[in-house]
Amino acid sequence: MKKLYILFAASALLFASSCKSNIEPEKATAGEADFSSYVAIGNSLTAGFADGTLYRSGQESSYPSMLAGQFKLAGGGDFKQPLLPGEAGWPYAPALGRYPKRVLGFATDCLGNPSLSPVLFSGVIDTGGSAQNIAVAGPYNNVGIPGIRCIDFGIAGYGMLNPYANRFFANPGVQRPLEVALAAVPTFFSMWLGSNDVLGYATSGGEGVVGGVTLNDISPLSAFKATYDASVAALVNQGAKGVLINIPDVTAIPYFTTINPMGLNLSAAQATTLTAGYAALGLSHVTFTEGPNYFVVEDATVGARKLKAGEYILLTTPGDSLKCGGWGSMRPIPKRYVLTEDEVENVNTATMAFNQVIADAAARHNLALMDANSYMKSLKAGITWNGVTYSPTFVTGGAFSLDGVHLTPRGYALVANEILRVINQRYRSTLPGVDINSYSGIKFP
């Protein structure tokens with residue numbers, strides 16, 4: 001995930017109902033809320049990021065856009081988004097040699113087996129003008145910025161650090177993201193900040209540190225709390241009401257769960273040979289049995305070891321290296337592709353602490369709170385909406401896009417409906433849900 005520009009995240013968090021919504025009210029009402037000027041604050045999930053990049057139709061299918069459509073039924077105003085001109089995705093990724101958007105296509109692996117899998121977009125490049133500053137058409141209502149962390153939200157000149165922000169900040173070298181959010185004078189806001197404060201650490205295989213400020217680190221709790229509390233207070237003090245959304249369990253998304261850690265299937269002879277080979281290297285603690293085995297990974301303390309239950313192999317691990325390169329069997333999988341038990345604990349501990357900050361802010365200001373962490377976990381069992389079942393299964397589950405972190409438009413619709421539910425509950429409004437199945441999922445060739 002390409003540092004500041006791709007992640008973000010992370011990502012996702014879904015509607016808990018097992019069937020279609022309750023009977024909708026005859027007339028949408030705002031209740032105690034005022035939706036006349038709605039501003040959406042957040043990161044890539046708020047911007048509509050999907051398939052490894054940001055592109056126009058993804059922005060148009062963002063959950064804030066869906067919410068704004070329902071708010072309009074109860075007095076909501078117009079909703080401006082800083083839309084990109086095309087579908088190829090932006091910005092250009094030099095490391096890939098092309099734009100980073102993933103699409104579903106046919107690919108042949110190292111064994112000669114063809115299959116449908118995510119491949120890099122190779123269609124029409126329609127990104128001309130994407131970098132042009134469009135602040136003159138603002139202020140914008142969707143100020144979701146891919147890559148932004150909570151601790152970045154008060155940084156003056158942040159627009160110079162992030163190309164997505166640079167596009168629509170009126171003064172990129174001076175403004176703080178919070179100032180840009182306040183420019184539309186919101187009467188109602190949603191805030192989904194914080195995922196990137198743990199996600200960069202997780203998606204880098206724990207390469208960073210706890211309490212650091214680089215993109216691979218878990219953000220310091222003190223800085224997170226100070227920035228989050230100040231941002232919410234500024235919005236509320238300006239007269240806005242809103243909904244806060246907490247951080248989902250990032251280890252429950254396809255980016256971490258797609259590759260089976262026990263994917264090393266061996267015959268009796270293979271198991272014996274591998275055990276002997278590791279013993280000859282002085283690694284007699286690495287043993288194998290006939291049948292499924294945990295993959296072998298690098299370990300700074302003992303050199304190499306087998307994975308444990310509750311550890312994860314990242315989706316970015318080269319599949320051909322596992323199939324044909326001996327990774328995980330004859331060669332330990334490099335550490336950067338693995339999230340270990342200790343690193344998982346670091347992510348979980350930080351997520352819990354950050355979510356407490358968010359819950360405390362919601363209680364202190366009497367705001368609605370959408371518990372994305374709980375809903376993410378509920379998705380594991382599958383969620384059925386009007387005959388269609390969604391799950392976190394990569395590609396076929398329908399909720400997550402082809403980067404394994406961000407959602408499909410249907411996934412974002414699931415999120416929108418859960419947000420609408422908690423808004424109705426807190427503000428006594430009667431906003432109808434969106435038709436989830438009317439949005440697109442994974443597009444097959």
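# From a buried strand to the salt bridges at the surface

Ala-40 stands opposite Ser-190 of strand S4, and this pairing is a convenient point from which to enter the structure, which is a predicted model. The contact belongs to a longer register, since strand S1, covering residues 38-42, is joined to S4 by 5 bridges, and the two strands run parallel. S4 is also paired with strand S5, residues 241-245, again in the parallel sense and over 4 bridges. In that second pairing, Met-191 has Leu-244 of S5 as its bridge partner.

How much of strand S4 is buried? Of the 5 residues in the strand, which spans 188-192, 5 are buried. In a regular strand the side chains alternate between the two faces of the sheet. Here both faces of S4 are covered, with Phe-188, Ser-190 and Trp-192 buried on one side and Phe-189 and Met-191 buried on the other.

The interior also contains enclosed space. A search over the whole structure returns 3 cavities of 30 Å³ or more, and the largest of them holds about 80 Å³. Its lining includes Ala-47, Leu-54, Gln-59, Gln-81 and Pro-82, and further along the sequence Asn-142, Gly-144, Pro-146, Tyr-164, Arg-167 and Phe-168. Helix H5, residues 163-168, gives the most to this lining, with 3 residues.

Several loops carry backbone features that a careful reader may wish to inspect. Trp-90 and Pro-91 are joined by a cis peptide bond with omega at about 5°, and Pro-91 is placed in the loop between helix H4 (63-71) and strand S2 (102-108). A cis peptide bond also joins Gly-138 to Pro-139, where omega is about 5°; Pro-139 belongs to the loop between S3 and H5.

Two residues other than glycine have a positive phi. For Asp-51 the angle is near 60°, and this residue sits in the loop between helix H2 (44-47) and helix H3 (56-60). Asp-51 counts as buried, because its relative accessibility is 10% and the limit for that class is under 20%. For Asn-386 phi is near 50°, and the residue lies in the loop between strand S13 (383-385) and strand S14 (388-390). With a relative accessible area of 46%, Asn-386 is partly exposed.

Charged side chains form a further layer of the description, for the structure holds 14 salt bridges. One of these connects Glu-32 with Arg-428, the closest N and O atoms lying 3.1 Å apart. This pair links distant parts of the chain: Glu-32 is in the loop between helix H1 (3-6) and S1, while Arg-428 is in the segment after helix H14 (409-427), 396 residues apart. Glu-32 counts as partly exposed at 35% relative accessibility, whereas Arg-428, at 63%, counts as exposed. Both residues also take part in a network of salt bridges that links Glu-32, Arg-426 and Arg-428.

Other salt bridges are formed within a single helix. Why are Asp-229 and Lys-225 separated by about one helical turn? The separation follows from their positions, because they are 4 residues apart in helix H8, which covers residues 221-237. The closest N and O atoms of this salt bridge are 2.8 Å apart. Asp-229 is buried, with a relative accessible area of 16%, while Lys-225 is partly exposed at 37%.

Helix H14 holds a salt bridge of its own, between Arg-421 and Glu-418, with the closest N and O atoms 2.7 Å apart. These two residues are 3 apart in the helix, about one turn. Glu-418 is buried, its relative accessible area being 1%, and Arg-421 counts as partly exposed at 34% relative accessibility.

At the surface there is, finally, a nonpolar patch formed by Phe-106, Leu-116 and Phe-444, which together have about 350 Å² of accessible area. Leu-116 is found in strand S3, residues 114-120. This leucine is partly exposed, with a relative accessible area of 37%, and therefore passes the requirement of over 30% that applies to residues of a patch.

Definitions and conventions:
Residues numbered from 1 in each chain as written. Predicted model: local features only at pLDDT ≥ 70, side-chain atom pairs only at ≥ 80, totals over all residues. Heavy atoms only, no water. Patch = residues over 30% accessible without salt bridge, like charges linked within 9 Å, V, L, I, M, F, W, Y side chains within 5 Å. Areas by Shrake-Rupley, 256 points an atom, 1.4 Å probe, with all protein chains shown as cover. Salt bridge = Lys/Arg side-chain N within 4 Å of Asp/Glu carboxyl O. Buried < 20%, exposed > 50% of the residue type's maximum accessible area, 1.4 Å probe, protein only. Pairing = 2+ DSSP bridges. 1 Å grid on protein atoms, 1.4 Å probe; cavity = no way out; pocket = protein on both sides within 12 Å on 5 of 7 lines; lining within 4 Å. Points joined across faces, edges and corners; volume = space filled by probe spheres on them.
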